Amino acid sequence: MHRPHSPTRPPGRTRHLPRRRILPAVRIPAPGGTTAQHAAVLYRPYSVTVLRVSVGVVFCWFGMLKLFPAASPAEELAAAAMTELTGGLLPAQVLLPLLGSAETLIGLALVTGRLLRPALALLLAHMTGVFTSLALLPETMWHHGAPTLEGQYVLKNLVLVAACLAVAADELTP
């Protein structure tokens with residue numbers, strides 16, 4: 001069966017499918033490729049490790065700040081959110097060191113690559129609590145439907161979640 005050619009494509013030219021951007025195939029540039037292409041090929045095998053370690057450093061940093069009173073700029077926000085989540089059963093003096101310890105442990109696991117699966121599960125639970133604060137503290141997180149500075153501080157965690165999902169996918173893929 002003969003199919004007519006597309007009016008926008010001359011006869012004999014094949015249709016090129018758009019590149020897949022979600023999970024691109026590993027491509028090796030031609031010998032005459034650009035420096036950026038060569039750098040990308042060299043970096044690709046290490047990219048998830050670099051991502052894992054860099055997110056781990058961020059978690060360690062933020063977690064350790066919560067272990068020292070008044071060191072974290074998010075201390076009041078974290079205390080208010082944790083108090084709401086626990087129904088006020090535990091005082092902030094107990095909750096902040098627990099939160100800081102959890103974040104530090106998550107960070108250490110990401111940096112070292114050890115105990116990743118339990119750390120990623122703890123991260124999921126932690127981020128669930130973090131994002132719940134958007135609903136629990138609406139007067140602090142939102143102003144006329146737009147996120148306040150505190151709300152933006154919480155929403156930036158979407159990037160950390162996306163990075164950790166990439167790490168989890170790498171960890172769970174045989």
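**Exercise 1. The overall fold**

What percentage of the 174 residues of the protein count as buried? Then describe the order of helices and strands.

*Solution.*
- Step 1. Note the kind of model: it is predicted.
- Step 2. Take the burial figure. Of the 174 residues, 27% count as buried.
- Step 3. Count the elements. There are eight helices and two strands.
- Step 4. Read along the sequence. The pattern is α-α-α-α-α-α-β-β-α-α.
- Step 5. Turn to contacts between residues at least 6 apart in sequence. Of these, 58% join residues at least 24 apart.

**Exercise 2. Helix α4**

Compare the expected span of helix α4 with the distance between its end C-alpha atoms. Then list its buried residues and find what they pack against.

*Solution.*
- Step 1. Helix α4 covers residues 92–112, which makes 21 residues.
- Step 2. At 1.5 Å a residue, α4 should span 30 Å. The expected span is 1.5 Å times one less than the number of residues.
- Step 3. The end C-alpha atoms of α4 are 30 Å apart, so the two values agree.
- Step 4. List the buried residues of α4: Leu95, Leu96, Leu99, Gly100, Ala102, Glu103, Thr104, Ile106, Gly107, Ala109 and Leu110.
- Step 5. Recall the helix geometry. An α-helix has 3.6 residues a turn, so residues three or four places apart point the same way.
- Step 6. Find the packing partners. The buried residues of α4 pack against α2 (47–66), α3 (75–85), α5 (116–136) and α8 (157–172).
- Step 7. Look past the end of the helix. Gly113 follows α4, and its phi is positive, near 80 degrees.

**Exercise 3. Positive phi outside glycine**

Where do Ala70 and Leu115 lie, and are they buried or exposed?

*Solution.*
- Step 1. Start with Ala70. Its phi is near 65 degrees, a positive value in a residue other than glycine.
- Step 2. Place Ala70. It sits in the loop between α2 and α3.
- Step 3. Check the accessibility of Ala70. The cut-off for exposed is over 50%. Ala70 is at 69%, so it counts as exposed.
- Step 4. Go on to Leu115. Its phi is near 55 degrees, again a positive value in a residue other than glycine.
- Step 5. Place Leu115. It is in the loop between α4 and α5.
- Step 6. Check Leu115. Its relative accessible area is 66%, so it is exposed.

**Exercise 4. The largest pocket**

Which residues lie nearest the centre of the largest pocket, and which helix gives the most to its lining?

*Solution.*
- Step 1. Take the volume. The largest pocket holds about 300 Å³ of space.
- Step 2. Take the lining. It has 24 residues, and Ala78, Leu99, Glu103, His126 and Val130 lie nearest the centre.
- Step 3. Assign the lining to helices. α2, α3, α4, α5, α7 (149–155) and α8 each supply at least two residues.
- Step 4. Pick out the main contributor. α5 gives the most, with six residues.
- Step 5. Connect this with α4. Leu99 and Glu103 are among the buried residues of that helix.

**Exercise 5. Val130 and Asn157**

Trace the contacts of Val130 to Asn157, and then those of Asn157.

*Solution.*
- Step 1. Place Val130. It lies in helix α5.
- Step 2. Test its burial. The cut-off for buried is under 20%. Val130 has a relative accessible area of 16%, so it is buried.
- Step 3. Find its partners. Not counting residues up to four places away in sequence, Val130 touches Val154 and Asn157.
- Step 4. Check Val154. Its C-alpha atom is 6.7 Å from that of Val130, though the two are 24 residues apart along the chain.
- Step 5. Move to Asn157. This residue is in helix α8. Its relative accessible area is 6%, so it is buried.
- Step 6. List the contacts of Asn157. With the same sequence limit of four places, it touches Met127, Val130 and Phe131.
- Step 7. Add the polar contact. The side chains of Asn157 and Lys156 make one at 2.9 Å.

**Exercise 6. Cysteines and a histidine pair**

How many disulfides does the structure hold? Are Cys60 and Cys164 buried or exposed? Which side chain does His144 contact?

*Solution.*
- Step 1. Recall the bond. A disulfide is a covalent bond between the sulfur atoms of two cysteines.
- Step 2. Count. The structure holds zero disulfides.
- Step 3. Check Cys60. At 12% relative accessibility, it counts as buried.
- Step 4. Check Cys164. Its relative accessible area is 2%, so it is buried.
- Step 5. Place His144. It is in the loop between β1 (142–143) and β2 (146–147).
- Step 6. Check His144. At 75% relative accessibility, it counts as exposed.
- Step 7. Find its partner. The side chains of His144 and His143 are joined by a polar contact of 3.4 Å.

Conventions: Residues numbered from 1 in each chain as written. Predicted model: local features only at pLDDT ≥ 70, side-chain atom pairs only at ≥ 80, totals over all residues. Heavy atoms only, no water. Helix = DSSP H or I, 4+ residues; strand = E, 2+ residues; numbered from the N terminus. Buried < 20%, exposed > 50% of the residue type's maximum accessible area, 1.4 Å probe, protein only. Polar contact = N/O pair within 3.5 Å; in protein donor to acceptor, adjacent residues only side chain to side chain. Contact = heavy atoms within 4.5 Å. Disulfide = S-S within 2.5 Å. 1 Å grid on protein atoms, 1.4 Å probe; cavity = no way out; pocket = protein on both sides within 12 Å on 5 of 7 lines; lining within 4 Å. Points joined across faces, edges and corners; volume = space filled by probe spheres on them.
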